[in-house]
Structure formats: structure tokens, C-alpha cells
Amino acid sequence: MDTSHRWLVDTKDKMNFFIAFVTTQFDDGKKILYAIKDTTRSDRQNNAMHLWFRQIANELNDAGYWVRHPFSDAFEIPFTEVLVKETLYKPIIKSMYDKGSTGRLTTQELSEAAEVLIRWLSEHKQVYVPFPQQLKDQLR
């Protein structure tokens, strides 16, 4: 059973509800670890970004591009969402913004780095995978 709680505190009302929740938990004798995390994008934006990574992986695989295994050039691995993120996207954000995590990107940085990857894949691999429209709309 998942007993985790997530709160996005972005209004005064939500802040007050969160404070009331914490107070109730404490008064009930519950011991809970609270971790504070800055948000740079919503869950919907994050889901759309990972959908885009999956779409890129599928298109690269369909076009015959696979990843060479470090032990042998003859051993090829199909692209996955994780491989796209780690081997294609993260080096771009590291180079452009000196950030190693997509979670630390602003929406503008995420969009700019994505455009770099989209353009490169299109020009050099003839694979074109635009951002999902919902992510584009949310980044504006």
C-alpha cells in the first residue's frame, strides 16, 4: 500500500492545507520524513518529455540506429527512453547549461536543448520527432 503524499504548494490556500496536514500528522503521533523539492515543471510536462524520449527511441530503432555495447561493437542495443535521455539529451544540457539533471532545467532551457536535439537528429539521421504538442503548449 502506497502511503506517500505529494503536495504542490503554489498558492496560499495550498500552503495552509499542507500546514494543516503536517500538523494533523504530528498531532496523531505519526513520524513522517518530509523532503522539500523545487519544481521546475509539472508532472504533465515531465510525462510529455518522457513520451518524447520514447518517441525518439522508437523512431531511431525503426530507422535502424541502435546503440553499440561498450564490450563489443557487434553487440547492439535498441534505443530506449532512458538511453535517449542519458546518451543524447543529457550531454546537450550539460554542454549548454552545465546541468546534469533534466529536473534542474527551466522550461526555456528544456525547450532550447530539445530544439538542438531535434535539429541534429533531423539533419544528421533523417529522424524528425518534434516535441509532443501538449509539452510545447505548456512551455510557452
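**Exercise 1. Classify Tyr65 as buried, partly exposed or exposed, and place it in the fold.**

Step 1. Tyr65 has a relative accessibility of 27% and therefore counts as partly exposed. The classes are set by relative accessible area: buried is under 20%, exposed is over 50%, and partly exposed lies in between, with a 1.4 Å probe and protein chains only.

Step 2. The model is predicted: local features need pLDDT of at least 70, side-chain atom pairs count only at pLDDT 80 or more, and totals for chains, interfaces and linings use all residues. Residues are numbered from 1 along each chain as its sequence is written, and side-chain values use heavy atoms, with hydrogens and water left out.

Step 3. Tyr65 sits in the loop between helix 2 and strand 1. Helices (H or I, at least four residues) and strands (E, at least two) are DSSP runs, numbered from the N terminus.

Step 4. Not counting residues up to four places away in sequence, Tyr65 touches Leu60, Phe79, Lys125 and Val127; contact means heavy atoms within 4.5 Å. Tyr65 and Lys125 are 60 residues apart in sequence, and their C-alpha atoms are 8.7 Å apart in space.

**Exercise 2. State which elements the protein chain contains and in what order they come.**

Step 1. There are 5 helices and 2 strands in the protein chain.

Step 2. Along the sequence they follow the pattern α-α-β-β-α-α-α.

Step 3. Of the 140 residues in the protein chain, 29% are buried. Among contacts with a separation of 6 or more, 48% come from residues 24 or more positions apart.

**Exercise 3. Describe helix 2 and the residue that follows it.**

Step 1. Helix 2 has 20 residues and reaches 28 Å from its first C-alpha to its last, close to the expected 28 Å at 1.5 Å a residue. The expected span is 1.5 Å times one less than the number of residues.

Step 2. The buried residues of helix 2 include Gln45, Met49, Trp52, Phe53, Ile56 and Leu60. An α-helix has 3.6 residues a turn, so residues three or four places apart point the same way.

Step 3. Gly64 follows helix 2 and has a positive phi, near 90°.

**Exercise 4. Work out how strand 1 and strand 2 are arranged, and how Leu83 relates to Val67.**

Step 1. Strand 1 (residues 67-69) pairs with strand 2 (residues 72-77) in the antiparallel sense over 3 bridges; two strands pair if DSSP finds at least two bridges between them.

Step 2. The two strands are joined by a hairpin through 2 residues. Val67 stands opposite Ile77 in strand 2.

Step 3. Leu83 belongs to helix 3. Its contacts, leaving aside neighbours within four places in sequence, are Val67, Ile77, Pro78 and Leu88. The C-alpha atoms of Leu83 and Val67 are separated by 8.5 Å, with the two residues 16 apart along the chain.

**Exercise 5. Identify the largest nonpolar core and the helices that supply it.**

Step 1. The largest nonpolar core has 24 residues. Such a core is a set of buried Ala, Val, Leu, Ile, Met, Phe, Trp, Tyr and Cys residues joined through side-chain atoms within 4.5 Å.

Step 2. Those with the most contacts inside this core are Trp52, Ile56, Leu60, Phe79, Val84, Tyr89 and Leu117. Helix 2 (43-62), helix 3 (81-97) and helix 4 (107-125) each supply at least two of its residues.

Step 3. Take Tyr89: beyond neighbours within four places in sequence, its contacts include Trp52, Phe53, Val84, Leu110 and Leu117.

**Exercise 6. Locate the largest cavity and list its lining.**

Step 1. Searching the whole structure gives 1 cavity of 30 Å³ or more. On a 1 Å grid over the protein atoms alone, a cavity is a set of points where a 1.4 Å probe fits but cannot get out; lining residues have an atom within 4 Å of a point.

Step 2. The largest cavity holds about 30 Å³ of space. Grid points are joined across faces, edges and corners, and the volume is the space filled by probe spheres set on the points.

Step 3. The lining consists of Trp52, Ile56, Leu117, Ile118, Leu121, Val127 and Val129. Helix 4 gives the largest share, 3 residues.

**Exercise 7. Compare the settings of Asp98 and Gln126.**

Step 1. Asp98 is in the loop between helix 3 and helix 4, while Gln126 is in the loop between helix 4 and helix 5 (133-139).

Step 2. Asp98 is not a glycine, yet has a positive phi of about 55°. Gln126, also not a glycine, has a positive phi of about 55°.

Step 3. Asp98 is exposed, at 57% relative accessible area; Gln126 is exposed, at 61%.

Technical notes:
1 Å grid on protein atoms, 1.4 Å probe; cavity = no way out; pocket = protein on both sides within 12 Å on 5 of 7 lines; lining within 4 Å.
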